[in-house]
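Hi everyone, thanks for making time for this. Have the sequence and the picture open while I talk, and stop me if I go too fast.

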Amino acid sequence: MLILKNVKVITGQIKVKTGLHIGGDSRTMEIGGMDNPIIRNPVNGEPYIPGSSIKGKLRSLYELSSGKYDKNGSCCNCGEKGCPSCTVFGSAINKNNDKGAGGSGPTRLIVRDAFLCEEDRQRFADGEQLIEEKNENSIDRITAKANPRPIERVLPGVTFDFEFIYRIYDDSDEEKLDGVVIKAMKMLEKDYLGGGGSRGNGKIEFINVKIDGEQCNDFVSDKH
């Protein structure tokens, strides 16, 4: 029987270091409009980072680092008891018996959508530029012709507030907080979030990270 023993709250900010592009819906594009827009809050037009984008990237990096990828790019032990990835990030199905998450139990990590910090939200409301249109070129390998492709990006320096909820059922979950979640967060700082990472987009940094209000020393540096 699983008993929920504790719930830890991980908070802080995601600081954009190079332009961030997480694609939005271009189906309503007007003539002359942007065909590679970023995702925005439909209520106020503010950029935000979906929790699914953050969680998916964290899971992907952890699985790549721990040999959990199979030929289809998914966790080799999906849903099985003892799989750290499925325990922390969740599993929709047990490949052995098709009866849901099976031995991995309920998802430990909940990732909220990350919205603009209060200062940047005010800047956006005041009309300050937080988003750029970056022009990129793809090159036809045969004709060497350049094909422009403008994309929207959140500007470097913009900061989003994030919140992760981590549920603890047993002692091994305590170990996975550091061994899986914090490890994946540190790997993400060295990788990228969103699209176009190999072209310079998506470098981010976790700052002011706290666990239940206590400073997380894994993300303390002299840069802040």
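Right after α1 comes Gly67, and the phi of Gly67 is positive, near 70°. Keep in mind that what you're looking at is a predicted model.

So let's look at the helix just before that glycine. α1 covers residues 51–65, which makes 15 residues. From the first C-alpha to the last, α1 reaches 21 Å, close to the 21 Å expected at 1.5 Å a residue. Which residues of α1 are buried? Quite a list: Gly51, Ile54, Lys57, Leu58, Arg59, Ser60, Leu61, Tyr62 and Glu63. Notice that a lysine, an arginine and a glutamate are on that list.

Okay, zooming out. The protein has 4 helices and 9 strands. If you walk along from the N terminus, the order is β-β-α-α-β-β-α-β-β-β-α-β-β. There are 224 residues, and 41% of them count as buried. The protein exposes about 12,200 Å², with carbon and sulfur atoms supplying 47% of that. And here's one about contacts: if you take those between residues at least 6 apart in sequence, 63% join residues at least 24 apart.

Now go to strand β8, residues 204–211. Is β8 mostly covered or mostly open? Mostly covered, with 6 of its 8 residues buried. β8 pairs with β1, residues 6–16, in the antiparallel sense, over 6 bridges. You can find one spot to check by eye: Ile10 stands opposite Ile211. β8 also pairs with β9, residues 214–215, again antiparallel, over 2 bridges. There, look for Lys210 opposite Gln215. β8 and β9 make a hairpin with 2 residues between them, and Asp212 in that turn has a positive phi of about 50°. While you're looking at strands, remember that in a regular strand the side chains alternate between the two faces of the sheet.

Last bit: cysteines. How many disulfides does the structure hold? The count is 0. Take Cys86: why no bond there? The closest cysteine sulfur is in Cys83, and it sits 3.7 Å from the sulfur of Cys86, which is too far for a bond, because a disulfide needs the two sulfurs within 2.5 Å. Cys86 is also buried, at 0% relative accessibility. Cys117 is buried too, with a relative accessible area of 13%, since the cut-off for buried is under 20%.

That's my tour, thanks for listening!

Methods. Residues are numbered from 1 along each chain as its sequence is written. This is a predicted model: local features need pLDDT of at least 70, side-chain atom pairs count only at pLDDT 80 or more; totals for chains, interfaces and linings use all residues. Side-chain values use heavy atoms; hydrogens and water are left out. The expected span of a helix is 1.5 Å times one less than its number of residues. Buried means under 20% relative accessible area, exposed over 50%, partly exposed in between (1.4 Å probe, protein chains only). Two strands pair if DSSP finds at least two bridges between them. Contact means heavy atoms within 4.5 Å. Accessible areas come from the Shrake-Rupley method with a 1.4 Å probe; for residues, only the protein chains shown count as cover.
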